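User: Hi, I'd like to get a feel for this protein before I go back to the bench. Please walk me through it.

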Amino acid sequence: MLGCSLVLLAGCRAPDKRLLVVILVPSQDNPFFKAEADAASARASELGYRVRVDAHDDDAYRQDNLIDAAIASNAAILILDNAGTDASVSAVRRAAKAGIKCFLIDRAINTMGLAKAQIQSDNDQGAQLVAAEFARVLGKKGEYVELLGRESDTNARVRTNGFHAVLDAIPGMKMVSAQSANWSQAEAFSKTETMLQAHAQIAGIIAGNDTMALGATAAVKGAGLKGIKIVGFDGSPDAIAAIKAGELQATALQPAVLIARLAMDEADQMIKTGATNKPEIQVIPCELVTKANADRYQKFENVDTSR
């Protein structure tokens, strides 16, 4: 008894033998990335793992350091929304070589066989859903402008290609300007102001994410214009609130919460059985959100239990 008491007084305790899950996302301030980090963390805790969450800020060098720290900590699982399709390959390779089970969410890398799974939203399908709704609310005619995401981001390219797969096939739709706003609300506001001044007949604005769509909405309001139709992509809480208010017409929900939970469930299965029984590349459909169904969605998740 005396020995136990001395150990307690010394502040010693038994080591935590739970396996460590490291979750790395681009940012914990951005609501999309926070939603996926929170979902993966909650599921890992439910399954009995220790959890460490951090953000790499889309900086490949910082991501390298965080993955090296995960290796040094003997992490069992890495859930990663990576810092670049090409720039992340070597870091994922190091983690896999160290025995860490790597599960990529949201963004894939260009090399197969390093991650146990790469689970992402179907950006092309979601973009085509949004574009079709955009064309519908415009009556399939009129001039429109596009706000593109960061040019180096694969998802930005996939989304704009998806938009144009639909819109370019409609004779009455004419794009008069397209500018990158780098996923930024402030940049989108500024770029939209410029495009509104240059093109007086704009009927609609299609944006590669909700943040830029909300920037466009603010610019349209600031110019005192009405009737311009705006759509986005992501399914953010702010965008869904704007849809309910009639300020945005539509967005595509990326199922961030579902994808993060799937990744953690598959990682747990890999640890327990040695296999996920799933293909490495898994593409999850997006869902179209409009005023008619906006009540079903909260924090990047469809919460409609009647499905």
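**Pockets, a helix and two buried residues**

User: How much space lies in the second largest pocket?
Analyst: About 330 Å³. A pocket here is an open set of points on a 1 Å grid over the protein atoms alone, where a 1.4 Å probe fits and protein lies on both sides within 12 Å along at least five of seven lines; lining residues have an atom within 4 Å of a point. Points are joined across faces, edges and corners, and the volume is the space filled by probe spheres set on them.

User: And which residues are closest to its centre?
Analyst: Thr-85, Arg-107, Asp-153, Thr-154 and Asn-155, out of 21 that line the second largest pocket. Bear in mind that this is a predicted model, where local features need pLDDT of at least 70, side-chain atom pairs need 80 or more, and totals for chains, interfaces and linings use all residues. Residues are numbered from 1 along each chain as its sequence is written, and side-chain values use heavy atoms, without hydrogens or water.

User: Which element gives the largest share of that lining?
Analyst: Helix H6, with 3 residues. Helices (H or I, at least four residues) and strands (E, at least two) are DSSP runs numbered from the N terminus. By class, the lining of the second largest pocket has 5 nonpolar, 10 polar and 6 charged residues. Ala, Val, Leu, Ile, Met, Phe, Trp, Tyr, Cys and Pro count as nonpolar, Asp, Glu, Lys and Arg as charged, and the others, Gly among them, as polar.

User: OK, what about the largest pocket, how much space is in there?
Analyst: About 520 Å³. It is lined by 27 residues, and Asn-30, Phe-33, Asn-209, Thr-211 and Asp-234 are the closest to its centre.

User: Which helices supply at least two residues each to that lining?
Analyst: H2 (31-46), H6 (154-167), H8 (210-222) and H9 (237-244). The lining of the largest pocket counts 8 nonpolar, 10 polar and 9 charged residues.

User: Switching to H3: which residues in it are buried?
Analyst: Gln-63, Asp-64, Leu-66, Ile-67 and Ala-70. Buried means under 20% relative accessible area, exposed over 50%, and partly exposed in between, with a 1.4 Å probe and protein chains only.

User: What covers them?
Analyst: The cover includes strands E1 (20-25), E2 (50-55) and E3 (77-80), plus helix H4 (89-97).

User: How far apart are the end C-alpha atoms of H3?
Analyst: They are 18 Å apart, which agrees with the 18 Å expected for its 13 residues at 1.5 Å a residue. The expected span is 1.5 Å times one less than the number of residues. Just after the helix comes Asn-74, with a positive phi near 60°.

User: New topic: is Ser-236 buried or exposed?
Analyst: Ser-236 counts as buried because its relative accessibility is 9%. It sits in the loop between strand E9 (229-231) and H9. Leaving out residues up to four places away in sequence, Ser-236 touches Asp-210 and Phe-300, where contact means heavy atoms within 4.5 Å.

User: And where is Asp-268 found?
Analyst: In helix H10, residues 256-273. Asp-268 is buried, at 8% relative accessible area. Beyond its neighbours within four places in sequence, Asp-268 is in contact with Leu-47 and Tyr-49.

User: Last one: what percentage of the whole protein is buried?
Analyst: Buried residues make up 49% of the 307 residues. The protein has 10 helices and 14 strands, and its C-alpha atoms fill a box of roughly 85 × 40 × 40 Å along the principal axes.
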